[in-house]
Amino acid sequence: MTGREGSDPFLASAVRTSPPAVAVILPIAGSDPFADPRAEAPDPRHSATPPVPGSDPFSDPRGETLHPWHALSPPAAGSDPFAGRHRVVFAHAHPDDEALATGALIQHLTEAGVAVAVVTATRGERGEVVPGSGAPPAGSRDLDAHREDELTAALRALGAEGPFFLGEPPARAPGLAPRRYVDSGMRWLTPTVAGPGEDAGPDAFTSATVAEAAADLVAFLESWDADLVVSYEVDGGYGHPDHVHLHHVARTAAKSSGRPFAEVISIPRDGTPPDSEGVTWYDRTDRLDDLLPALHAHASQFTVDGRDAIHSGGQREPLQLRTGVRLR
Ligand SMILES: [Zn+2]
């Protein structure tokens with residue numbers, strides 16, 4: 001959807017009253033059925049580490065069970081970060097993040113008539129390839145192009161605009177030559193927390209200053225006439241350096257351009273309840289079938305098994321069909 005929709009009162013109403021299954025959340029200590037000691041598995045995203053058999057805290061038939069912190073209660077008045085928004089920009093670090101972390105939320109918005117654009121910082125150059133997916137080999141330029149195509153297909157399935165890559169027009173600061181930000185890689189600092197890769201080069205996204213990358217994002221926000229910026233929480237979800245860097249970039253861009261910033265809440269991988277203060281939850285647990293085309297578009301990165309994603313290295317994680325968002 002490309003139209004400017006700021007003047008349509010119906011759309012604003014649609015967003016406010018759409019049935020988000022919104023919950024502001026009261027964690028119940030100790031009652032999480034997923035809070036299980038096996039929760040030591042590293043986060044599967046972007047990891048080169050093979051999974052430990054049987055170690056995945058989410059690979060459990062109880063996957064249909066609600067986390068207690070998802071217990072539904074009415075949203076606090078005015079707490080919906082998307083109320084009255086018409087043109088929302090999601091800033092993501094790598095192709096597939098938009099579908100895995102926020103695909104359900106983006107569909108919720110686009111179905112309500114909100115225009116959504118996704119800006120992606122890198123092409124996930126450091127990621128691995130699902131064996132047998134038919135994708136070009138890891139590390140090749142052909143794989144970069146392949147992942148651009150996958151991202152394009154995923155965005156079409158979500159009803160979102162893009163892809164737009166940070167560092168390239170229209171997401172490049174005026175007067176600067178286009179720049180290609182590259183996946184920084186990562187390493188595990190603890191079993192569940194990632195940190196910067198030791199071999200990130202000068203073209204890595206994390207080697208760019210927050211000021212430069214934020215100026216690029218501001219250029220996009222201005223050209224696309226965005227009224228809200230959405231990106232990761234400060235820990236980037238699990239500490240991937242590109243995600244953490246993008247949190248600061250997106251928040252800086254929003255502030256410097258006078259736009260609100262909303263962060264997607266991290267779901268702790270160790271089974272503990274998330275920090276839910278001020279969070280609005282959007283529940284699409286009954287809409288997995290609608291999300292599948294966007295997920296399947298990223299066939300070089302992961303496959304879908306039931307309600308889980310299985311990554312290129314074999315790691316399993318639950319599909320995120322409930323999304324928590326908080327304005328900052
Ligand atoms: Zn990512």
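Helix 4 and helix 5 lie oblique to each other, because their axes cross at roughly 55°. These axes come within 8 Å of each other. The model is predicted, and its secondary structure comes to 6 helices and 12 strands. Of the 328 residues of the protein, 48% count as buried. Among contacts with a separation of 6 or more, 76% are between residues 24 or more positions apart.

**Helix 4 and helix 5**

- Helix 4 covers residues 210–224, and helix 5 covers residues 241–256.
- The crossing of helix 4 and helix 5 is right-handed.
- On the side of helix 4, the residues that meet helix 5 are Val210, Ala213, Ala214, Leu217, Val218 and Leu221.
- On the side of helix 5, the residues in this contact are His248, Val249, Ala250, Thr252, Ala253 and Ser256.
- By type, the residues of the contact between helix 4 and helix 5 divide into 9 nonpolar, 3 polar and no charged.

**Strand 6 and its partners**

- Strand 6 spans residues 228–232, and 5 of its 5 residues are buried, so strand 6 is largely enclosed by the rest of the structure.
- Strand 1 (residues 87–92) runs parallel to strand 6 and is joined to it by 3 bridges.
- Within this pairing, Phe90 stands opposite Val230 of strand 6.
- Strand 7 also runs parallel to strand 6, and 4 bridges join these two strands.
- Tyr232 has Val264 in strand 7 as its bridge partner.
- In general, strands of a sheet pair through backbone hydrogen bonds, either parallel or antiparallel.

**The loop between strand 7 and strand 8**

- Strand 7 (261–264) and strand 8 (280–283) are linked by a loop, and Ile265 is found in this loop.
- Ile265 has 23 other C-beta atoms within 10 Å and is therefore buried, since the cut-off for a buried residue is 20 or more.
- Leaving aside neighbours within four places in sequence, Ile265 is in contact with Glu233, Pro274, Asp275, Val279, Gly324, Val325 and Arg326.
- Ile265 and Asp235 are 30 residues apart along the chain, while their C-alpha atoms are separated by 9.5 Å.
- Gly278 also has its place in the loop between strand 7 and strand 8.
- Gly278 has 16 other C-beta atoms within 10 Å and is therefore partly exposed, as this class lies between the cut-offs of 12 or fewer for exposed and 20 or more for buried.
- In sequence, Gly278 and Asp80 are 198 residues apart, yet the distance from C-alpha to C-alpha is 9.7 Å.

**The sheet of strands 9, 10 and 11**

- Strands 9, 10 and 11 form an open sheet of 3 strands in the order 9-10-11, with antiparallel pairing.
- Strand 9 (302–305) and strand 11 (316–318) stand at the edges with a single partner strand each, so one side of each has no neighbour in the sheet.
- From one strand to the next, the twist of this sheet averages 30°.
- Strand 9 and strand 10 (residues 308–311) run antiparallel and are joined by 4 bridges.
- Phe302 has His311 in strand 10 as its bridge partner.
- In a regular strand, as a general rule, the side chains alternate between the two faces of the sheet.

Technical notes: Residues numbered from 1 in each chain as written. Predicted model: local features only at pLDDT ≥ 70, side-chain atom pairs only at ≥ 80, totals over all residues. Pairing = 2+ DSSP bridges. Axes fitted to C-alpha atoms, helices over the stretch in contact; angles between N-to-C directions. Contact = placed C-beta atoms within 7 Å. Parallel < 35°, antiparallel > 145°, perpendicular 65-115°, else oblique. Left-handed = near helix turned anticlockwise from the far one by under 90°. Nonpolar A, V, L, I, M, F, W, Y, C, P; charged D, E, K, R; others polar.
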